[in-house]
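Biologist: Could you put the model up so that we can go through it together? I have a few questions, and they may jump around a bit.

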Amino acid sequence: TPTTAAEAQYQGAASPLAGAAMHQSSNPKAPPMTEEEFARARQIYFERCAGCHGVLRKGATGKPLTPDLTNDKGTEYLKTFIAYGSPAGMPNWLTSGEFDEATVDLMARYIQHDAPTPPEFSLADMEATRKEYIPVDKRPTKKMNNYNIENIFSVTLRDDGTIALIDGDTKEIISIIKTGYAVHISRLSASGRYLYVIGRDARLNLIDLWMEKPDNVAEIKVGLEARSVETSKFKGWEDKIAIAGTYWPPQFVLMDGDTLKPKKVVGTRGMDINNEYHPEPRVAAIVSSHNKPEFLVNAKETGKVWMVDYTDLTNLKTKQIDTAKYLHDGGFDASGRYFMTAANASDKIVVIDTKESKLEAIVDVGKIPHPGRGANFKHPKFGPVWATSDLGDEGISLIGTDPKKNKDHAWKVVQTLKGQGGGSLFIKTHPKSTNLWVDTTLNPDAKISQSIAVFDINNLDKGYQVIDIAACAGLKDDGAKRVVQPEYNKAGDEVWFSVWSAKDKESAIVVVDDKTRACKTVIKDKRLITPTGKFNVYNTQHDVY
Ligand code: DHE
């Protein structure tokens, strides 16, 4: 089905591990391979397969592919599977033209050998990579520029190894800053001064927005592959501690907030919610509690949400909450008390109470929920709700989030909206807005992936209006022009969209007037290469979504 193909494409991005040196042992029961063949197959595995099947091939969204299983199946069976795919989401590598016959044969033999293991990455390894470009005592003591910092956007330039800082008031690019490869997200310190940017290659950059021209002040590599970063937000701990989670090695690290000096590394390997050992629980979303000096850390494959108390790193107190698999992205409800996070392989939203530090509820939603941070608003009938769209179907689930005044609706899907189609990645609104924006970035139909659906929160039954964002951008070439990730400005009266084409094609950012829903400004610049995520300083700092 088209949506599982989108899911496979989404998960199947190249892993930076492709280039890593690895420990290798061959399996005498597996068909022979030359050293060159093995090296080539390993490269292909990390570029195409590891995202779903895991580095150690223990399985995640894709099936486990360890030799104890693959040897029994044998080369011919495996070749058929690789060549033609399966309805469950395995891509058809041969018939799609991505692999030739020889590559199919190569990969069928490769997965019968033991999985090579990438190296570990210790605190000392991290410290060896750390750079303090500007030591703390040489940094400004007050804001040295005239920017309205709270309305700056940090924009991921995915395939450029940079981010763009864009002035939300003037729409001018302030600067393009060198970061890790294929940056994933940006997060703000509690004060809004420091911007943390994490690359897929696990390079973490610290940017000081107080500088005359904001730039990197420190940098560290926290592992070999990463997606998440966050900073301490609890009163008294503002800007003090940073945390980054890695896909490989499966661990997270706590650091000094202003120097990135690593202080404590914690592994996530261990038992999953079914009490089975998992050697590779990747760290997905991390959020910072507003109620306690704690981080919430999603361990994807074990289905456990870790609560990490950062007040005493020597006597570190952590708690693991059993939830559902596989944990991915999420955000807070409007009150900031509940962490709402997707367990995407089980079609559920997990609710964690950050005040009581416990599981509050697990809610069944549509196929492969993918909320980003989700969207909070007051439903005219059901009170406060948090919404997610789905990667796997056209549904949008609205979940009641007010157990005090709307007990009957709390942690229930109170309404399911129908959007344009599957392949949705992000959904957004703002406390000052009555619009709910839903993207469909990975939908196979270009008309749908290049446009956005917008609902009127006060009249949800009316259905949605479609706005052709790619057309607003008026791009000169025929790129994919996928519209991705709505993000509001600080005032909540503009919503920004990325129009995302390949590296060698023109892309743009389209700013829409929230009230009239008309395209207001198109930001085009040859430096805006593959823009995807956009993070408004104020909204990210305060978890406004
Ligand atoms: Fe993301 C958030 C992982 C592909 C754009 N992405 C996240 C988070 C995780 C994650 C764990 C939550 C971080 C947090 O909150 O701490 N993403 C992954 C993957 O593993 C995956 C599926 C494949 C991969 O190999 O990376 C993947 N992501 C993508 C893309 O292809 C996207 C669309 C474009 C890109 O830039 O790579 C993409 N992901 C984003 C964005 C966010 C994100 C924009 C933050 C959304 C927000 O509003 O906060």
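Modeller: Before we start, a word on naming: the helices and strands I mention are DSSP runs, at least four residues long for a helix and at least two for a strand, numbered from the N terminus. Please also keep in mind that this is a predicted model.

Biologist: Fine. What does UniProt annotate at residues 36-115?

Modeller: The record carries the annotation "domain: Cytochrome c" for that span, and the entry is an unreviewed one.

Biologist: And how much helix and strand is in residues 36-115?

Modeller: In the model the span is 57% helix and 0% strand, and its end C-alpha atoms lie 16 Å apart. There is also a network of salt bridges that links Glu37, Glu76, Lys79, Asp105 and Arg109.

Biologist: On that topic, how many salt bridges does a search of the whole structure find?

Modeller: The search finds 33 of them. One that you could look at is the pair of Lys261 and Glu127, whose closest N and O atoms are 3.5 Å apart.

Biologist: Which parts does the pair of Lys261 and Glu127 tie together?

Modeller: Lys261 sits in the loop between β11 (251-256) and β12 (262-267), while Glu127 belongs to helix α5 (residues 123-129), so the bridge ties together parts that are 134 residues apart in sequence.

Biologist: Is Lys261 buried or exposed? And what about Glu127?

Modeller: Neither word fits, since "buried" is kept for values under 20% and "exposed" for values over 50%. Lys261 counts as partly exposed because its relative accessibility is 34%, and Glu127, at 28%, also counts as partly exposed.

Biologist: Which side chain meets Lys233 in a salt bridge?

Modeller: That is Asp543, with 4.0 Å from N to O. The two come from distant parts of the chain, 310 residues apart, with Asp543 in the segment after α8 (537-541) and Lys233 in the loop between β9 (225-231) and β10 (241-248). Both Asp543 and Lys233 are buried.

Asp543 also forms a salt bridge with Arg373, where the closest N and O atoms are 3.5 Å apart. Arg373 lies in the loop between β22 (358-364) and β23, so this pair ties the segment after α8 to a part of the chain that is 170 residues away in sequence. Arg373 is buried, as is Asp543.

Biologist: What about His542, where is that one found?

Modeller: His542 is found in the segment after α8 as well, but it counts as partly exposed because its relative accessibility is 37%. Its C-alpha is 9.5 Å from that of Ser191, although the two are 351 residues apart in sequence.

Biologist: Changing topic, which residues gather in the patch of positive charge on the surface?

Modeller: The patch is made up of Lys355, Lys378, Lys404 and Lys405. Lys378 has its place in strand β23 (residues 375-379), and it counts as exposed because its relative accessibility is 62%.

Biologist: Now the backbone. Which residues does a cis peptide bond join?

Modeller: One such bond joins Trp248 and Pro249, with omega about -15°, and Pro249 is in the loop between β10 and β11. Another runs from Lys325 to Tyr326, with omega near -25°, and Tyr326 is in the loop between β18 (317-322) and β19 (327-332).

Biologist: Why would you point those out, or a positive phi for that matter?

Modeller: Because most peptide bonds are trans, and most residues other than glycine have a negative phi. For the positive phi values, have a look at Lys481, where phi is near 50°, and at Arg517, where phi is near 60°.

Biologist: Where does Lys481 lie? And Arg517?

Modeller: Lys481 lies in the loop between α7 (469-473) and β31 (482-488), and Arg517 in the loop between β33 (508-513) and β34 (519-523). Lys481 counts as buried because its relative accessibility is 16%, and Arg517 is buried too, with a relative accessible area of 16%.

Biologist: One last thing, is Thr162 buried or exposed?

Modeller: Thr162, which lies in strand β3 (residues 162-167), is buried, with a relative accessible area of 7%. Its C-alpha is 37 Å from that of Asp322, and the two are 160 residues apart in sequence.

Methods: Residues numbered from 1 in each chain as written. Predicted model: local features only at pLDDT ≥ 70, side-chain atom pairs only at ≥ 80, totals over all residues. Heavy atoms only, no water. UniProt positions renumbered as here; feature names shortened; annotations may be inferred. Patch = residues over 30% accessible without salt bridge, like charges linked within 9 Å, V, L, I, M, F, W, Y side chains within 5 Å. Areas by Shrake-Rupley, 256 points an atom, 1.4 Å probe, with all protein chains shown as cover. Lys, Arg positive; Asp, Glu negative; His and termini not counted. Charge placed at Lys NZ, Arg CZ, Asp CG, Glu CD. Buried < 20%, exposed > 50% of the residue type's maximum accessible area, 1.4 Å probe, protein only.
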